[in-house]
Amino acid sequence: MSVLALRALGLGDLLTALPALRGLRAALPGRRIVLAAPRWLEPVALLSGAVDAVVDTAPLAVPAVRSAELAVNLHGRGPQSTAALRATAPRRLWAFDLPGGPRYDADAGAARDEVEGATGRAGREPARVPEHEVRRWCRLLAAHGVRCDPDDLALPRPNGVAAADPLLSAGPVVVHPGGASPARRWPAERWGAVVAALARCGRPVVVTGTAAEADLARRVARLGGLAPEAVRAGRTDLPGLCDLVAQAALLLAADTGIGHLATAYGTPSVLLFGPVSPAEWGPPPGRRAHRALWAGRDGDPSSTRPDPGLLSITVGDVLSAAVDRARPGGAVPPTHPTSA
């Protein structure tokens, strides 16, 4: 019999679910664990050792698996994702917000108690206490007696990656200027200024991104004075990206999946957050190699413009945060002459 886990989202979503998936693996030895997720994530899913197979599934679609012994909703709070799993007719279903089960927002009741009476008087909603995505899914499984280690986030390096690349073997800084939505995209001009400062001090730099972000990556590279071969956007598959991040001296990126790869490989990182707090999606607390920059206020992740908090982060902020985080192999400039 099999276990079906639903997490049909992106790379960061998969990586933050690894402790929960590994908890399932340890608690249910001998069971075949199938992950319902987009096919392109299969290399990382299998590399993790947490699952046995991936069934290609679009967000909120019904996975092509039937009558699993157990279905686990690691996708969201429902009801759509829970309904998609119910449609597979599992014997048992674990999910948030089912009758008598754990709630997706663990703090909701406590927050209401803290402001009891205030909501009715002023019409205000209680303050929401952030919960890290990793811990949320560990909490779901803990409610069903499954122990998870929220720090179990590491990945092995992939096998069969292309031959050694001189630029990568030098321990480059990886700059990833893209983002899942406009609200999470720091301006290309600022990324270009960061790249130019890094290049001036002799640090090798590569610019990454998806195929759809190739034009952005080329623009950042041009602004930073890099040669065309430094642009890896659209030229690197997922195992190659894993290997690249594992070899890097430092990763600079906005709030996106590649930041979780830096955590997985212990690669120092500086991550820029805008509409969403790093307390929910950032690197694990207490790991000094990772620095999350955030203005301290939430925004609208679906906005069609860069988040105001994200825009408040300057080039100087990014370079200063990078100073003592890069692995040996070249200096990172401590400051930048402008604060743009």
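1. Start with the lining of the largest pocket: helices α1 (11-16), α11 and α12 (257-265) each put in at least two residues. Bear in mind that this is a predicted model. The pocket's volume comes out at about 630 Å³.

2. Who sits around that pocket? In total, 27 residues line it, with Leu11, Trp40, Thr256, Gly257 and Ile258 nearest its centre. The lining is a mix by class: 12 polar, 8 nonpolar and 7 charged residues.

3. Now the interior. The largest nonpolar core has 52 residues, and the members touching the most others are Leu21, Leu24, Val72 and Leu261. Helix α11 (residues 238-247) gives this core its largest share, 6 residues. If you want one residue to click on, try Leu24: leaving out residues up to four places away in sequence, Leu24 touches Val3, Ile33, Leu70, Val72, Trp94, Leu141 and Val146.

4. There is another core, apart from that one, made of 32 residues; Ala197, Ala221, Val318 and Ala322 are among them. As a general point, nonpolar side chains in soluble globular proteins tend to be buried together.

5. Ala197 also turns up among the buried residues of α9. Helix α9 (residues 188-200) has 13 residues, which at 1.5 Å a residue should span 18 Å; its end C-alpha atoms are 18 Å apart, so the two agree. The helix is mostly covered, with 10 of its 13 residues buried. Besides nonpolar names such as Trp191 and Leu198, the buried set includes Arg190 and Gly192.

6. One backbone detail to finish: Gly202, just after α9, has a positive phi of about 85°.

Notes:
Residues numbered from 1 in each chain as written. Predicted model: local features only at pLDDT ≥ 70, side-chain atom pairs only at ≥ 80, totals over all residues. Heavy atoms only, no water. Core = buried A, V, L, I, M, F, W, Y, C linked by side-chain atoms within 4.5 Å. Buried < 20%, exposed > 50% of the residue type's maximum accessible area, 1.4 Å probe, protein only. Helix = DSSP H or I, 4+ residues; strand = E, 2+ residues; numbered from the N terminus. Contact = heavy atoms within 4.5 Å. Expected span 1.5 Å × (residues − 1). 1 Å grid on protein atoms, 1.4 Å probe; cavity = no way out; pocket = protein on both sides within 12 Å on 5 of 7 lines; lining within 4 Å. Points joined across faces, edges and corners; volume = space filled by probe spheres on them.
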